[in-house]
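Here is a note for someone opening this entry for the first time. Please read the points with the model on screen.

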Amino acid sequence: MALQYFLEILKFEPNESKYHNKLGVVYFTKGDLDNAVKCYETAYSLNSEDQSLLYNIGMVNFSKEDYAGAVQFLEQALQKERKINFNR
C-alpha cells in the first residue's frame, strides 16, 4: 500500500527528494536493498543536505556490509544533527 502511494505521488512530484527518500524506506523495510539504494541516490541528487536521507543511506550501506560507506553517511547525518541542536 505505501509502495503504491509513493510511486503515485512521484508521478506528480518527481523532483521532491522527500518522496524518493520515503519510497526508499519502504523498499528498505521490505528488504529490497537495491531499489532502496536507487531511491536514495535519486533523493541525494535532489537534496544532499537532508539529515534523514543521510542516515538512511548509511543504514542501507551498513545492511549491504559497506561499512566504510555507512560510516561516511552516518557521520554526515550526525554532523547535521549537531548543527540542528546547536542552532536551537
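The points below go from the whole chain to the helix pairs and then to single residues.

1. Status and make-up. The model is a predicted one. The protein has five helices and zero strands, so its elements, read from the N terminus, run α-α-α-α-α. The radius of gyration is 13 Å, close to the 12 Å that the globule rule gives for 88 residues, so the protein is as compact as a globular protein of that length.

2. Extent and burial. Along the principal axes, the C-alpha atoms fill a box of roughly 35 × 30 × 20 Å. Of the 88 residues, 33% are buried. Taking contacts between residues at least 6 apart in sequence, 36% join residues at least 24 apart.

3. Helix 1 with helix 2. Helix 1 covers residues 2–12 and helix 2 covers residues 17–29; the two pack at an angle of about 155 degrees, with 9 Å between their axes. An angle over 145 degrees counts as roughly antiparallel, and that makes helix 1 roughly antiparallel to helix 2. Their crossing is left-handed. On the helix 1 side the contact is made by Ala2, Leu3, Phe6, Leu7, Ile9 and Leu10, and on the helix 2 side by Tyr19, His20, Lys22, Leu23, Val26 and Tyr27. By class, these residues divide into ten nonpolar, one polar and one charged.

4. Helix 3 with helix 4. These helices span residues 33–46 and residues 51–63, and they pack at an angle of about 150 degrees with their axes 10 Å apart. Helix 3 and helix 4 are therefore roughly antiparallel to each other. The crossing of helix 3 and helix 4 is left-handed. Helix 3 contributes Leu33, Ala36, Val37, Tyr40, Ala43 and Tyr44 to the contact, while helix 4 contributes Leu53, Leu54, Asn56, Ile57, Val60 and Ser63. This contact has ten nonpolar residues, two polar and no charged.

5. Helix 2 with helix 4. What is the angle between helix 2 and helix 4? They pack at about 25 degrees, with their axes 10 Å apart. Helix 2 and helix 4 are therefore roughly parallel to each other, since angles under 35 degrees count as such. The crossing of helix 2 and helix 4 is left-handed. Asn21, Val25 and Phe28 of helix 2 meet Ser52, Leu53, Asn56, Met59, Val60 and Ser63 of helix 4. The residues of this contact are five nonpolar, four polar and no charged. Leu53, Asn56, Val60 and Ser63 of helix 4 are listed in the contact with helix 3 and again in the contact with helix 2.

6. Lysine 80. This residue is placed in helix 5, which runs over residues 67–86. Is lysine 80 buried or exposed? Its relative accessible area is 18%, and buried means under 20%, so lysine 80 is buried. Setting aside neighbours within four places in sequence, lysine 80 is in contact with Glu49, Gln51 and Leu54. Leu54 is also one of the helix 4 residues in the contact with helix 3.

7. Serine 45 and leucine 46. Serine 45 lies in helix 3, and leucine 46 is found there too. Serine 45 is exposed, with a relative accessible area of 58%. Leucine 46 is partly exposed, at 36%. Apart from neighbours within four places in sequence, leucine 46 is in contact with Pro14, Asn15, Glu16, Ser17 and His20. Of these, His20 also belongs to the helix 2 side of the contact with helix 1.

8. Two separations. Serine 45 and phenylalanine 62 are 17 residues apart in sequence, and their C-alpha atoms are 20 Å apart in space. Leucine 46 and valine 71 are 25 residues apart along the chain, with 22 Å between their C-alpha atoms.

9. Glutamate 65. Where does glutamate 65 lie? It is in the loop between helix 4 and helix 5. Glutamate 65 is exposed, with a relative accessible area of 58%. Its phi is near 65 degrees, a positive value in a residue other than glycine. Most residues other than glycine have a negative phi. The backbone at glutamate 65 is therefore a reasonable place to look when checking the model by eye.

Key: Residues numbered from 1 in each chain as written. Predicted model: local features only at pLDDT ≥ 70, side-chain atom pairs only at ≥ 80, totals over all residues. Heavy atoms only, no water. Axes fitted to C-alpha atoms, helices over the stretch in contact; angles between N-to-C directions. Parallel < 35°, antiparallel > 145°, perpendicular 65-115°, else oblique. Left-handed = near helix turned anticlockwise from the far one by under 90°. Contact = heavy atoms within 4.5 Å. Nonpolar A, V, L, I, M, F, W, Y, C, P; charged D, E, K, R; others polar. Rg over C-alpha atoms; globule rule 2.2 N^0.38 Å. Buried < 20%, exposed > 50% of the residue type's maximum accessible area, 1.4 Å probe, protein only.
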